[in-house]
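Open your viewer, load the model and keep the selection tool at hand. We will go from the whole chain to single residues, one stop at a time.

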Amino acid sequence: MFELACEVLGDAGYQHYEVSNWAKPGFACIHNLGYWERRPYLGLGAGAHSYRDDRRWWNVRPPEEYLSLVEAGTLPVGGEEHLEPSDAYLEEVFLRLRILEGVPSSWVEPEKVAPFIESGLLLDKDGALIPTERGMLVLNELVLALTA
């Protein structure tokens, strides 16, 4: 179904700008691209997530608890995590390979990249590694192999 979607939407003039999203040129979802580019974001409301400077946090889920904490003047944070540099790198590679920009070739050792280019899973386009549509089908495995 993925391959059929790629074909039908591509033939209709849509650009496959992210693993699970297509858009007419110039109409990519800026909101979603913010996640894939690791831009900071603030989540408001019960269960909402936020991210900034390799720190991710989320609000408590039950709306009643969220409202009770806010009304009491307490931040409704339910939990948080701080990314170590190695985890931040892995996440950056994973997320940027989801989009057409890809990752700079210089981020990955050439000997790790070569087999994936030869097999047609990755392209090296203007100094950026970008997954092909076939590569998107095995993106998790690609990221783990490239960052190991």
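The tour starts with the overall fold and then visits residues one by one.

**Before you click**

This is a predicted model, in which local features need pLDDT of at least 70 and side-chain atom pairs count only at pLDDT 80 or more, while totals for chains, interfaces and linings use all residues. Residues are numbered from 1 along each chain as its sequence is written, and side-chain values use heavy atoms, with hydrogens and water left out.

**Stop 1: the whole chain**

Show everything as a cartoon. You should find seven helices and eight strands; these are DSSP runs (H or I of at least four residues for helices, E of at least two for strands), numbered from the N terminus. Now switch to the C-alpha trace: along its principal axes it spans about 60 × 35 × 25 Å. The radius of gyration is 19 Å, whereas a compact globule of 148 residues would have one near 15 Å. That radius is taken over C-alpha atoms, and the globule rule is 2.2 Å times the number of residues to the power 0.38.

Next, turn on the surface. Its accessible area comes to about 9,100 Å², with 58% belonging to carbon and sulfur atoms; the method is Shrake-Rupley with a 1.4 Å probe, and for residues only the protein chains shown count as cover. Of the 148 residues, 36% count as buried. Here buried means under 20% relative accessible area, exposed over 50%, and partly exposed in between (1.4 Å probe, protein chains only).

If you have a contact map, look at its long-range part: residues 24 or more positions apart account for 39% of the contacts with a separation of 6 or more. A contact means heavy atoms within 4.5 Å.

Finally, colour by charge. There are 12 positive and 24 negative charges, and their mean positions are 3 Å apart. Lys and Arg count as positive and Asp and Glu as negative, leaving out His and the chain ends; each charge is placed at NZ of Lys, CZ of Arg, CG of Asp or CD of Glu.

**Stop 2: W36**

Select W36, in helix α2 (residues 30–36). Is W36 buried or exposed? W36 has a relative accessible area of 16%, so it counts as buried. Beyond residues up to four places away in sequence, W36 touches E18, L95, R96, R98 and I99. Show side chains for W36 and E18: they make a polar contact at 3.5 Å. A polar contact is a pair of N or O atoms within 3.5 Å; within protein, one must be able to donate a hydrogen and the other to accept it, and residues adjacent in sequence count only if both atoms are side-chain atoms. Then draw a C-alpha to C-alpha distance from W36 to F94: they are 58 residues apart in sequence and 8.6 Å apart in space.

**Stop 3: T132**

Move to T132, in the loop between β8 (128–131) and α6 (133–136). T132 is buried because its relative accessibility is 15%. Which residues does T132 touch, not counting those up to four places away in sequence? They are G120, L121, L122 and L123. Zoom in on G120, where the side chain of T132 reaches the backbone oxygen at 2.7 Å. The C-alpha atoms of T132 and G120 are 6.9 Å apart, with their positions 12 residues apart in sequence.

**Stop 4: S105**

S105 sits in the loop between β6 (103–104) and α5 (110–118). With 19% relative accessibility, S105 counts as buried. Select D124, G127, A128 and L129 to see what S105 touches, leaving aside residues up to four places away in sequence.

**Stop 5: two aspartates with positive phi**

Check the backbone torsions here. D53, in the loop between β3 (49–52) and β4 (55–59), has a positive phi of about 50° although it is not a glycine. D126, in the loop between β7 (122–125) and β8, has a positive phi of about 55°, and it is not a glycine either. D53 is exposed at 67% relative accessible area, and D126 is exposed at 80%.

**Stop 6: Y89**

End at Y89 in helix α4 (residues 85–96). Y89 is partly exposed, at 30% relative accessible area. Highlight W107, V108 and T147, which Y89 touches when residues up to four places away in sequence are not counted.
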